[in-house]
Amino acid sequence: MLTYRTWRSQEQTRDNTRRLGEDDYRTMLVDSYYNIVRNTINLYSLSVCLKNKYQDYYPSEEYLQKMKLYLFDPNQISFQNIHKNDYGKFQRLAELCHYFNLHIDATQNHLSSDRISVDIKERDMEALIGMHWLLATEIWDTIDSISSEGREEMNRRKICEKIIGISKNFYRGDLHGVSGNKIVGRDVEFLKRVFDGVDGYEDTLKRLDSAIMLKLYCDESGNGQIRMPLIPLHD
């Protein structure tokens with residue numbers, strides 16, 4: 001009886017501490033595109049709002065802080081169906097998230113200082129956007145790396161479905177409220193790569209553009225009151 005109870009206890013412990021496998025990690029990474037799309041809208045809307053205002057205003061702290069990315073701690077990951085050589089991919093993602101978060105802190109400090117030049121503040125914002133798209137690319141490459149052979153196309157479609165669904169959730173208003181992809185269109189190489197051979201690319205850009213404008217203004221015309229939480233640099 002004692003032997004049976006010991007065995008049963010060990011089995012329950014093993015069941016409750018099941019290691020995550022390929023499908024689990026792929027789902028986690030695909031789901032991370034919620035934060036990617038959210039950050040796209042927030043970063044571009046803030047960049048537009050601060051244009052020609054860097055010397056007079058800075059964003060409230062919570063606006064940038066909520067853009068930080070936390071995927072996982074690679075030191076706490078245990079692999080089951082993922083080859084040990086892929087651990088480096090997760091380590092790189094964790095490091096990129098760490099650097100991205102550090103740059104958010106540095107950008108916040110620079111934007112809120114009247115001693116930092118406008119050029120540096122603009123470069124900070126451009127660097128944040130560039131690091132953001134780099135992270136998106138690395139996440140996609142990691143998804144393909146840990147997937148079984150021949151699942152690349154399925155991964156692509158899953159990511160596209162996630163981005164399309166999220167952009168629809170963020171979008172409120174007329175699809176043609178903002179035309180010409182004036183905001184997102186200048187830096188969409190990652191989206192072009194993901195949507196290669198998949199329908200929905202142009203409509204997704206339009207929804208992101210409209211969502212950015214709606215995040216920035218109280219109405220979609222672009223002439224409404226700015227809703228961005230900006231704080232004067234000088235009292």
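Let's start inside helix 9. Y201, T204, L205, R207, L208, D209, S210, A211, I212, M213, L214 and L216 are all buried there. Keep in mind that this is a predicted model.

How much of helix 9 is that? Twelve residues may sound abstract, so here is the ratio: 12 of the 16 residues of helix 9 are buried, so the rest of the structure largely encloses this helix. Buried here means under 20% relative accessible area.

Now the helix itself. Helix 9 covers residues 201-216. From first C-alpha to last, it reaches 23 Å. At 1.5 Å a residue you would expect 22 Å, so to speak, and the span is close to that.

What do the buried residues of helix 9 pack against? Three helices: helix 3, at 33-50, helix 7, at 152-170, and helix 8, at 189-194.

Take helix 7. Its axis and that of helix 9 come within 9 Å. They cross at roughly 35 degrees. The crossing is left-handed.

Which residues make that contact? On the helix 7 side, look for I163, I164, S167, K168 and F170. On the helix 9 side, they meet T204, R207, L208 and A211. By type, the residues of this contact divide into 5 nonpolar, 2 polar and 2 charged. Three of those names should ring a bell: T204, R207 and L208 were in the buried list for helix 9. A211 was in that list too.

Stay on helix 7, and turn to its other partner for today, helix 6. Helix 6 is residues 118-146. The axes of helix 6 and helix 7 come within 9 Å. The angle is roughly 140 degrees. This crossing is right-handed.

The contact residues next. Helix 6 brings W140, I143 and D144. Helix 7 brings E152, N155, R156 and I159. This set divides into 3 nonpolar, 1 polar and 3 charged.

Now step back to the whole chain. How many helices and strands are there? The chain has 9 helices and 2 strands. From the N terminus, the order reads α-α-α-β-α-α-α-α-α-α-β.

Some totals to finish. The chain has 235 residues, and 44% of them count as buried. Among contacts with a separation of 6 or more, 81% come from residues 24 or more positions apart. The accessible surface is about 13000 Å². Carbon and sulfur atoms account for 46% of that surface.

How values were computed. Residues are numbered from 1 along each chain as its sequence is written. This is a predicted model: local features need pLDDT of at least 70, side-chain atom pairs count only at pLDDT 80 or more; totals for chains, interfaces and linings use all residues. Side-chain values use heavy atoms; hydrogens and water are left out. Helices (H or I, at least four residues) and strands (E, at least two) are DSSP runs, numbered from the N terminus. Buried means under 20% relative accessible area, exposed over 50%, partly exposed in between (1.4 Å probe, protein chains only). Contact means heavy atoms within 4.5 Å. Axes are lines fitted to C-alpha atoms, for helices over the stretch in contact, and angles run from 0 to 180 degrees between N-to-C directions. A crossing is left-handed if the near helix is turned anticlockwise from the far one by less than a right angle, and right-handed if clockwise. Ala, Val, Leu, Ile, Met, Phe, Trp, Tyr, Cys and Pro count as nonpolar, Asp, Glu, Lys and Arg as charged, and the others, Gly among them, as polar. Accessible areas come from the Shrake-Rupley method with a 1.4 Å probe; for residues, only the protein chains shown count as cover.
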